[in-house]
Amino acid sequence: MEKAYFVDTLFDLINESNALEAELQDISANREGLTVIMKDGTAFAVTVKETNPTFP
């Protein structure tokens, strides 16, 4: 899976989430991840970085 596809899918999930619907003001995507702004003014940066998984 490519990083851009993952970020786009994550954007869609957060943007369409009923759990955040009343509190979400804005969400934007960029190359590094997402910026999520809530109606109370708090903001979150969700950074997406591809890594090599280590499985037990």
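Two strands count as paired if DSSP finds at least two bridges between them. The model used in these exercises is predicted.

**Exercise 1.** Find how strand β2 is connected to β3, and name the residue that stands opposite I37.

Solution. Start with β2, which covers residues 33–38. Five bridges link β2 to β3, and the two strands run antiparallel. Then look along β3 for the partner of I37: A43 stands opposite.

**Exercise 2.** Describe the pairing of β1 with β2 and what joins these strands.

Solution. β1 and β2 are antiparallel, with five bridges between them. One bridge pair is A29 with L34, the latter in β2. A hairpin of three residues joins β1 to β2.

**Exercise 3.** Give the strand order of the sheet, and explain why one side of β1 and of β3 has no neighbour there.

Solution. The sheet is open and has three strands in the order β1-β2-β3, paired antiparallel. β1 (24–29) and β3 (43–47) are at the edges with a single partner strand each, so one side of each lacks a neighbour in the sheet. From one strand to the next, the twist averages 15 degrees. Helix α1, residues 3–15, packs on this sheet and touches β1, β2 and β3. The direction of α1 makes about 175 degrees with that of β1.

**Exercise 4.** Locate F6 and classify its accessibility.

Solution. F6 lies in helix α1. Partly exposed means between 20% and 50% relative accessible area. The relative accessibility of F6 is 39%, so F6 counts as partly exposed. Together with M1 and Y5, F6 makes a nonpolar surface patch of about 400 Å².

Technical notes: Residues numbered from 1 in each chain as written. Predicted model: local features only at pLDDT ≥ 70, side-chain atom pairs only at ≥ 80, totals over all residues. Heavy atoms only, no water. Helix = DSSP H or I, 4+ residues; strand = E, 2+ residues; numbered from the N terminus. Axes fitted to C-alpha atoms, helices over the stretch in contact; angles between N-to-C directions. Contact = heavy atoms within 4.5 Å. Patch = residues over 30% accessible without salt bridge, like charges linked within 9 Å, V, L, I, M, F, W, Y side chains within 5 Å. Areas by Shrake-Rupley, 256 points an atom, 1.4 Å probe, with all protein chains shown as cover. Salt bridge = Lys/Arg side-chain N within 4 Å of Asp/Glu carboxyl O. Buried < 20%, exposed > 50% of the residue type's maximum accessible area, 1.4 Å probe, protein only.
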